[in-house]
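Biologist: I'm new to this one, so could you walk me through it?
Modeller: Sure, let me put it up first.
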Amino acid sequence: MEKIIIVGNGYSLLNKKNGLLIDTFNKVVRMSNSVDKKGFSEYIGEKIDIYSALYYNVDSNIIKNVKTIINLPFVQLDFTQRIIRDFLEDIKDYKENILHLANKDDYKIFKNIFKKYVKSEFKNDYIYSKFNNDFNFSLGFKTICYIKTLYPNSKVYVTGFDFFTTGAFWNENHNRHVSNHHNYIFEKLWYKKALKNKFIFEL
């Protein structure tokens with residue numbers, strides 16, 4: 001069975017020197033602007049087979065050589081669909097490396113995966129009540145969903161998922177305390193239950 005690992009951006013990555021181990025996986029998935037961070041290879045490794053980023057944060061130098069999942073902020077999907085055309089024109093020379101471009105159907109898949117482990121006990125919560133309208137999944141959660149959907153027969157591992165309780169591994173203040181943009185408490189609960197049910201595995 002193919003083993004895939006999704007490397008998050010959390011500061012907890014520096015707790016273990018797992019770089020060499022990470023690079024042994026069949027596929028290594030890295031996200032956003034965490035790629036090519038110098039001086040951290042002994043902790044996070046160097047291999048990259050799949051790159052996952054929001055469309056406005058895609059590094060064109062990476063997409064030239066790496067299969068890429070292009071994410072869209074679903075809460076603004078109608079707006080982004082209009083401007084995504086310009087983005088695709090800019091990267092048309094590398095379109096063969098687009099592994100997946102987010103679309104409206106993806107949101108339904110994400111909701112089903114989320115509801116599998118976070119169920120009706122939250123139905124009266126204000127945040128959960130907005131679920132059908134603008135539940136703002138994080139890039140990390142969306143990347144897990146994409147990989148599980150694109151590679152259903154693979155065993156998916158994760159590492160460095162800190163749910164905004166730390167900064168990024170390359171800067172402990174980076175993106176810290178911005179969890180109001182995502183429902184990280186619910187995602188963390190989902191994550192714990194997904195691990196318990198062996199939907200994903202933690203390194």
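Modeller: One term before we start: two strands pair if DSSP finds at least two bridges between them. Helices (H or I, at least four residues) and strands (E, at least two) are DSSP runs, numbered from the N terminus. This is a predicted model, where local features need pLDDT of at least 70 and side-chain atom pairs count only at pLDDT 80 or more, while totals for chains, interfaces and linings use all residues. Residues are numbered from 1 along each chain as its sequence is written, and side-chain values use heavy atoms, with hydrogens and water left out.

Biologist: Okay, how many helices and strands does the chain have?
Modeller: There are 9 helices and 7 strands.

Biologist: And in what order do the strands sit in the sheet?
Modeller: The 7 strands form an open sheet, in the order E5-E4-E3-E2-E1-E6-E7, with parallel pairing. At the edges are strand E5 (98–101) and strand E7 (201–202), each of which pairs on one side only.

Biologist: What does E1 pair with?
Modeller: Strand E1 (residues 3–7) pairs with E2 in the parallel sense, over 4 bridges. E1 also pairs with strand E6 (residues 155–159), again in the parallel sense, over 5 bridges.

Biologist: Which residues in E6 are the bridge partners of Lys3 and Ile5?
Modeller: Lys3 has Lys155 as its partner in E6, and Ile5 has Tyr157. Towards E2, Ile6 stands opposite Val29, and the bridge partner of Val7 is Arg30.

Biologist: Does Arg30 show up anywhere else?
Modeller: Yes, in E3 the bridge partner of Arg30 is Tyr51. E2 and strand E3 (residues 50–54) run parallel and are joined by 3 bridges.

Biologist: How many residues of E2 are buried?
Modeller: In strand E2 (residues 27–31), 5 of the 5 residues are buried, so the strand is largely enclosed by the rest of the structure. Buried means under 20% relative accessible area, exposed over 50%, and partly exposed in between (1.4 Å probe, protein chains only). Lys27, Val29 and Met31 point one way from E2, and Val28 and Arg30 point the other way.

Biologist: Why the split?
Modeller: In a regular strand the side chains alternate between the two faces of the sheet.

Biologist: What about E1, and the chain as a whole?
Modeller: E1 is mostly covered, with 4 of its 5 residues buried. For the chain, 47% of the 203 residues count as buried.

Biologist: Let's switch to helices. Which residues of H5 are buried?
Modeller: In helix H5 (residues 104–117), the buried ones are Asp106, Tyr107, Phe110, Lys111, Ile113, Phe114 and Tyr117. Seen down the axis, they fall within an arc of 165 degrees, so they line one face of the helix. That arc is taken from the directions from the helix axis to the C-beta atoms. Lys108 and Asn112, on the other side of H5, are exposed.

Biologist: Any pockets?
Modeller: The largest pocket has a volume of about 870 Å³. Its lining has 36 residues, and Ser138, Leu139, Phe164, Asn175 and His182 lie nearest its centre. Helix H8 (139–150) and helix H9 (184–196) are the elements that give two or more residues to the lining, and H8 has the largest share, 5 residues.

Biologist: What is that lining like by class?
Modeller: The lining has 16 nonpolar, 17 polar and 3 charged residues.

Biologist: Back to the loops. Where is Asn18?
Modeller: Asn18 is in the loop between E1 and helix H1 (19–22). Asn18 is buried, at a relative accessible area of 16%. Leaving aside neighbours within four places in sequence, Asn18 is in contact (heavy atoms within 4.5 Å) with Glu42, Tyr43 and Leu203.

Biologist: And Gly167, buried or exposed?
Modeller: Gly167 counts as buried, at 5% relative accessibility, and is found in the loop between E6 and H9. From C-alpha to C-alpha, Gly167 and Tyr11 are 5.7 Å apart in space, yet 156 residues apart in sequence.

Biologist: What share of the chain's contacts join residues at least 24 apart?
Modeller: Among contacts between residues at least 6 apart in sequence, 64% join residues at least 24 apart.

Conventions
1 Å grid on protein atoms, 1.4 Å probe; cavity = no way out; pocket = protein on both sides within 12 Å on 5 of 7 lines; lining within 4 Å. Points joined across faces, edges and corners; volume = space filled by probe spheres on them. Nonpolar A, V, L, I, M, F, W, Y, C, P; charged D, E, K, R; others polar.
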